[in-house]
Amino acid sequence: MPAITIGAHLKYNDGIAEINRNLGGLLNQIGYNRDWGAEFTITASKTFLIYGHPLILSVTGRATDASNLGYTGYSGKYEFSAEGNAVFGITDWLFAAFEYRQKINQYDTVSAGGRELIGAENDWWTIGLAAIVSPHVTVTAGYGHLGTVLNTRENTAWAAAVKYEF
């Protein structure tokens, strides 16, 4: 039986209302409704052993009204999206991970002068490696394809982190 988690997430974007005002209310015209939102999630997770190595799979359903994860505000119109991730223990100390998240289009697109200024959202995915160096130190590195955020260019990033826990 998988572990089930139910969540509610409150979000507030303290700058989007001002950006909307500076744009003459453009965001209101394409779907923006407010600077806060609540998301509701349900996640199922299950661990399997593959030749003695853990494989952790999770699937999440999300009800949200966020545009670009809330970076560009909230529409007030809830839609359902899906996401999932997998983590595999390559060794006792090295883990590989993959994550996928569906992003929904809360706003209409905006074009001017033959160019798309605000494009449709598209899904994101990330891949990464994590190494447990000691009981207190973890090192991670990854690559993320974050999808389109407002424009038509694909936004990607590399990331690295070192975490020390007491």
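These legends accompany a set of close-up views of one predicted protein model.

In this predicted model, local features need pLDDT of at least 70 and side-chain atom pairs count only at pLDDT 80 or more, while totals for chains, interfaces and linings use all residues. Residues are numbered from 1 along each chain as its sequence is written, and side-chain values use heavy atoms, with hydrogens and water left out.

**View 1. The whole protein holds two helices and 10 strands.**
Helices (H or I, at least four residues) and strands (E, at least two) are DSSP runs, numbered from the N terminus. Read from the N terminus, the order of elements is β-α-α-β-β-β-β-β-β-β-β-β. Along the principal axes, the C-alpha atoms fill a box of roughly 60 × 30 × 30 Å. Of the 166 residues, 32% are buried; buried means under 20% relative accessible area, exposed means over 50%, and partly exposed lies in between (1.4 Å probe, protein chains only). The accessible surface comes to about 10,200 Å², and 62% of it belongs to carbon and sulfur atoms. Such areas come from the Shrake-Rupley method with a 1.4 Å probe, and for residues only the protein chains shown count as cover. A contact means heavy atoms within 4.5 Å. Among contacts between residues at least 6 apart in sequence, 53% join residues at least 24 apart.

**View 2. Thr43 and its surroundings in strand 2.**
Start here with Thr43, which sits in strand 2 (residues 36-50). Why does Thr43 count as buried? Its relative accessible area is 17%, and the limit for buried is under 20%. The side chains of Thr43 and Thr60 are joined by a polar contact of 2.8 Å. A polar contact is a pair of N or O atoms within 3.5 Å; within protein, one must be able to donate a hydrogen and the other to accept it, and residues adjacent in sequence count only if both atoms are side-chain atoms. Leaving aside neighbours within four places in sequence, Thr43 is in contact with Ala3, Ile4, Thr5, Ser58, Val59 and Thr60.

**View 3. A nonpolar surface patch that includes Ile50.**
Which residues form the nonpolar patch on the surface? They are Phe48, Ile50, Tyr51 and Leu57, with about 440 Å² of accessible area together. Patches are made of residues with over 30% relative accessible area and no salt bridge; like charges are joined within 9 Å, and nonpolar side chains (Val, Leu, Ile, Met, Phe, Trp, Tyr) within 5 Å. Ile50 belongs to strand 2 and is partly exposed, at 35% relative accessible area.

**View 4. Salt bridges of Arg34 with Asp65 and of Arg62 with Glu39.**
Side chains of opposite charge can pair when their charged atoms come close. A salt bridge is a side-chain nitrogen of Lys or Arg within 4 Å of a carboxyl oxygen of Asp or Glu, and the structure holds eight of them. One of these joins the side chains of Arg34 and Asp65 at 2.7 Å, N to O. This pair links distant parts of the chain, 31 residues apart: Arg34 is in the loop between helix 2 (26-30) and strand 2, and Asp65 is in strand 3 (residues 53-66). Arg34 counts as buried at 15% relative accessibility, and Asp65 is buried at 0%. Another salt bridge joins Arg62 and Glu39, also 2.7 Å, N to O. Here Arg62 in strand 3 meets Glu39 in strand 2, 23 residues away in sequence. Both Arg62 and Glu39 are buried. The two also belong to a network of salt bridges that links Lys11, Glu39, Arg62, Glu83 and Arg101.

**View 5. The salt bridge between Glu79 and Lys77.**
The closest N and O atoms of this pair are 3.6 Å apart. Are these residues buried or partly exposed? Glu79 is partly exposed, with a relative accessible area of 29%, and Lys77 is partly exposed at 43%.

**View 6. Trp125, Tyr143 and Trp158 form one aromatic cluster.**
Rings of Phe, Tyr and Trp (its six-membered ring) pair if their centres lie within 6.5 Å; planes under 30 degrees apart count as stacked, over 60 as edge-to-face and the rest as tilted. By this rule the count comes to four aromatic pairs. Trp125 and Tyr143 form a tilted pair, 5.9 Å centre to centre with 50° between the planes. Trp125 lies in strand 8 (residues 124-132) and Tyr143 in strand 9 (residues 137-148), so this pair ties together parts that are 18 residues apart in sequence. Trp125 is partly exposed at 31% relative accessibility, and Tyr143 is partly exposed at 22%. Tyr143 also forms a tilted pair with Trp158, at 4.9 Å centre to centre and 55° between the planes. Trp158 is in strand 10 (residues 154-164), so the pair ties together parts 15 residues apart in sequence. With a relative accessible area of 71%, Trp158 is exposed.
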